[in-house]
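Here are a few exercises to work through with the model open in your viewer. Try each task before you read its solution.

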Amino acid sequence: MGHIELTSLTKQFGSNVVVDGIDLDILDGEFIVLLGPSGCGKTTVLRMIAGLEQINGGQLYFDGQLMNSEPPDRRNVGMVFQNYALYPHMTVQKNLAFGLQSRKRTKSRSQTKKEIRNQVLAIAKLLDIDHLLEHRPKQLSGGQRQRVALGRALIRKPSVFLMDEPLSNLDANLRERVRMELASLHQQVAVTTVYVTHDQVEALTLASRVVVMNEGKVLQVGTPGEVYNFPSNSFVAHFIGTPGMNLWNLTWDYGDSEITLGSSVKLAREFLPILKESGDRVLLGIRPEHLKLKNPNDRTAVTVDFQIQMVEHLGSHQLAHGFLSNDPAETGIVQLDSKEIYRSGDRLELAASHEQIHLFEVTSGKRLNSMSFLDESIMVEI
Ligand code: ATP
């Protein structure tokens, strides 16, 4: 009871297509995170699932049943939004019970006051707010209010949980705590959840699968590991990661049994068949945390001549901002440990291993090197 299917789902406001033919199969019990930059259509997708926004094209199914025209109260969804919208004049107990009482009036008459009280208590215990039942919202902290809002959605035993940036009003510490609580709550109750955020840390820590969106389209659906390690296009590569992946637009050339990219990068010749498919330029992607100082004894698949412009110290590590030494238009970031002191003007010879190299088509941004290529790859020293 929580399988959701979207086929070619479309929404336009006037002539503005904001959700552009999305296909998505959400399995019962999954925690799906819609992730993308502001305005990419995440909230609109969520509102269409909730029944709060009319669907202009495509189909929405819950457990195989077409939902396009069903009103929100026929969908059995629980919603939590960033402004938790608790009733200020009611106690926590009443806020939690409210959904059950209004349901009782309109639907089943069998539920007694005692049953409601028991359910409220069970949910309050689950969320660790049972000591706050007599408090009013203004007497609660942000995190406590957010837990009441979660409880109010949970208590109705929805088949689907919809959450729109539920943590964005909390300060950084609290956000981290409530995020962990959400993760453990989902482990306990395993209700299908669709969660909207533009915060990738939230997405990667909570999701069973992440849906990366841009401009109304789904660019990739995958586990957090898949979207990080194997982005299917350059947008996802740069969007996921803090900082995002370096992307260098370079011409390639093959001679003396080695590949050169621009004038600062050398690449193992195993990549030649892939480059031959790509025209004379390619986008080379390497994450800042995967570039290491080249050690003569290491077997590496790429070497990068990098010049530092500015160093940012972050305690556990430092981020060197700079550019490819002989291709100054190609800027990038390298994550270095905090032991050495680096300065503007330093030149570094960096290396990365085979599976840390991502090649994308320049015009479409489409990924060129496949997983199977990586599996079969032979490590070659250059
Ligand atoms: P954010 O992270 O900023 O909330 P989002 O990815 O959730 O963004 P949506 O809120 O779904 O994006 O909005 C997608 C696009 O649709 C935006 O360009 C927005 O301006 C537009 N839009 C949303 N609601 C309406 C509306 N009621 N009328 C007209 N345009 C709208």
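**Exercise 1.** Find which residues on the other side of α3 are exposed, and which residues of α3 are buried.

*Solution.* Start with the exposed ones: K114 and K125 (exposed means over 50% relative accessible area, buried under 20%, partly exposed in between, with a 1.4 Å probe and protein chains only). Next, the buried set is I116, V120, I123 and A124. These cover an arc of only 100 degrees around the axis (taken from the directions from the helix axis to the C-beta atoms), so they sit on the same side of α3. The general rule helps here: an α-helix has 3.6 residues a turn, so residues three or four places apart point the same way.

A word on the set-up: this is a predicted model, where local features need pLDDT of at least 70 and side-chain atom pairs count only at pLDDT 80 or more, while totals for chains, interfaces and linings use all residues. Residues are numbered from 1 along each chain as its sequence is written, and side-chain values use heavy atoms, leaving out hydrogens and water.

**Exercise 2.** Check the span of α3 against 1.5 Å a residue, then see what follows the helix.

*Solution.* Helices here are DSSP runs of H or I with at least four residues, strands are runs of E with at least two, and both are numbered from the N terminus. α3 has 14 residues (113-126), so its expected span, 1.5 Å times one less than its number of residues, is 20 Å. The end C-alpha atoms of α3 are 20 Å apart, which agrees. After the helix comes D128, with a positive phi near 60 degrees.

**Exercise 3.** Do the same for α5: its span, its two sides and what its buried residues pack against.

*Solution.* First, the 18 residues of α5 (172-189) should span 26 Å, and the end C-alpha atoms are indeed 26 Å apart. Second, the buried residues of α5 are L174, V178, R179, L182, L185 and H186. They cover an arc of only 135 degrees, which puts them on the same side of α5. On the other side, N173, Q187 and Q188 are exposed. Third, the partners of the buried residues include α3, α4 (142-154) and β8 (192-197). Finally, A190, just after α5, takes a positive phi of about 45 degrees.

**Exercise 4.** How many helices and strands does the protein have, and what percentage of its residues is buried?

*Solution.* Count the elements: 10 helices and 20 strands. Then take burial: 49% of the 382 residues.

Key:
Contact means heavy atoms within 4.5 Å.
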